[in-house]
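This report introduces a protein structure to a reader who has not met it before. Strand pairing, aromatic rings, charged pairs and nonpolar cores are taken in turn.

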Amino acid sequence: MRRKSIQYFYLMVLSAIIFSCLNSNEENNNWLENNKISGKYHLLEDHGSKVYLPLDFERYSLSKYQRLLDSLSTKKAYKFETEHLNILSKMEGALYIYFDKNTGSTCTINTIPYYPFNKDNAGQILGLIQANHQKVSKKSESTFTKVTAKYGGNSKQQLFKTIYKVNSKKFKIDVYSAAYIISSNDKTVFIQLTTGINTDFDPFIDKLML
């Protein structure tokens, strides 16, 4: 594996902002009803892969999403979010942004150089994420609580998942950030969902077509 690919991968994970400055509405989050999911596929053009998202998610360009952030957030929150997006947009591969205006939820997807990993790698990544949270918490006046961190895989496919609950003292709201790193068929994607409720997003991830 190329050293450059590893560096991009770690930088991308460390850049993950875990707080959304948009107004997530947990009451309207009805992606899962009676264990049934309703969504549609979106093509990741550079990858030839397809991601399955809830119906209300709409694809946004980077500039359109930045304008949305600017209209809904404070200057400080806008700065945090734009710095995060700028890092993601400069990663090798492509950045895809999806936003659900009904729930205020955001899903970002990065296609990156193929990165097969194992349980030890996943543990190292989790350590980096936790260290980064400590730094971000001081700047953003937020606290981070791990809900789950899981690794599963074999020589052909690997998946690493984390969910964190983030409490913003300044905005007096809680949000959840779920991050998935998936490698299969010589492809790797990083998916991050930020929403107002600790919903089970795994059924949508299971429909990912790499």
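Strands E10 and E11 (residues 187–195) run antiparallel and are joined by nine bridges. The structure described here is a predicted model.

**Strand pairing around E10**

Within this pairing, serine 184 stands opposite lysine 187 in E11. The hairpin of E10 and E11 has two residues between the strands, and asparagine 185 there takes a positive phi near 55°. Strand E10 also pairs with E9 (residues 157–168): these two run antiparallel and are joined by twelve bridges. Serine 184 appears in this pairing as well, as the bridge partner in E10 of glutamine 157. Strand E10 itself, which spans residues 173–184, is mostly covered, with ten of its twelve residues buried. As a general background, the side chains of a regular strand alternate between the two faces of the sheet.

**Aromatic rings**

The structure holds eight aromatic pairs. Tyrosine 60 and phenylalanine 99 form an edge-to-face pair, because their ring centres are 5.7 Å apart and their planes stand at 80°. This pair links distant parts of the chain, since tyrosine 60 belongs to strand E5 (residues 58–60) and phenylalanine 99 to strand E6 (residues 94–100), 39 residues apart. Both tyrosine 60 and phenylalanine 99 are buried.

Another aromatic pair, formed by phenylalanine 201 and phenylalanine 204, is stacked, with 5.1 Å from centre to centre and 25° between the planes. Phenylalanine 201 has a relative accessibility of 2% and therefore counts as buried. Phenylalanine 204, at 1% relative accessibility, likewise counts as buried. Ring pairs link these two phenylalanines with Tyr41 and Tyr52 into a cluster.

Two lysines lie over ring faces. Lysine 64 lies over the face of tyrosine 60, at 4.4 Å from the ring centre. Lysine 207 has a corresponding place over the face of tyrosine 52, at 5.3 Å from the ring centre.

**Salt bridges**

A search of the whole structure finds three salt bridges. They are listed below with the distance between the closest N and O atoms.

| Acidic residue | Basic residue | Closest N and O atoms |
|---|---|---|
| Glutamate 45 | Arginine 59 | 2.9 Å |
| Glutamate 58 | Lysine 64 | 3.1 Å |
| Aspartate 202 | Lysine 161 | 3.0 Å |

The salt bridge of arginine 59 and glutamate 45 links distant parts of the chain: arginine 59 is in strand E5, whereas glutamate 45 is in the loop between strand E3 (39–44) and strand E4 (49–54), 14 residues apart. Arginine 59 counts as partly exposed at 39% relative accessibility, and glutamate 45 is partly exposed with a relative accessible area of 47%.

In the salt bridge of glutamate 58 with lysine 64, glutamate 58 is partly exposed, with a relative accessible area of 35%. Lysine 64 counts as partly exposed at 31% relative accessibility. Lysine 64 is also the residue that lies over the face of tyrosine 60.

The salt bridge of aspartate 202 with lysine 161 again links distant parts of the chain, with aspartate 202 in helix H5 (residues 202–205) and lysine 161 in strand E9, 41 residues apart. Aspartate 202 is partly exposed, with a relative accessible area of 23%. Lysine 161, by contrast, is buried: its relative accessible area is 9%, and buried means under 20%.

**Nonpolar cores**

In soluble globular proteins, nonpolar side chains tend to be buried together. The largest nonpolar core of this structure has 23 residues, of which Tyr98, Cys107, Ile109, Ile191 and Phe201 touch the most other members. Two or more residues of this core come from each of E4, E6, strand E7 (105–112), E10, E11 and H5. Strand E10 gives the largest share, four residues.

Tyrosine 98 shows how such a core member is surrounded. Leaving aside residues up to four places away in sequence, tyrosine 98 touches His42, Leu43, Leu44, Leu53, Phe57, Glu58, Arg59, Ser105, Thr106, Cys107 and Ile109. Among these contacts, Glu58 and Arg59 each form a salt bridge. A second, separate core has 15 residues, including Ile129, Phe160, Val175 and Ile181.

Technical notes. Residues are numbered from 1 along each chain as its sequence is written. This is a predicted model: local features need pLDDT of at least 70, side-chain atom pairs count only at pLDDT 80 or more; totals for chains, interfaces and linings use all residues. Side-chain values use heavy atoms; hydrogens and water are left out. Buried means under 20% relative accessible area, exposed over 50%, partly exposed in between (1.4 Å probe, protein chains only). Two strands pair if DSSP finds at least two bridges between them. Rings of Phe, Tyr and Trp (its six-membered ring) pair if their centres lie within 6.5 Å; planes under 30 degrees apart count as stacked, over 60 as edge-to-face and the rest as tilted. A charge sits over a ring if NZ of Lys or CZ of Arg is within 6 Å of the ring centre and within 35 degrees of the ring normal. A salt bridge is a side-chain nitrogen of Lys or Arg within 4 Å of a carboxyl oxygen of Asp or Glu. A nonpolar core is a set of buried Ala, Val, Leu, Ile, Met, Phe, Trp, Tyr and Cys residues joined through side-chain atoms within 4.5 Å. Contact means heavy atoms within 4.5 Å.
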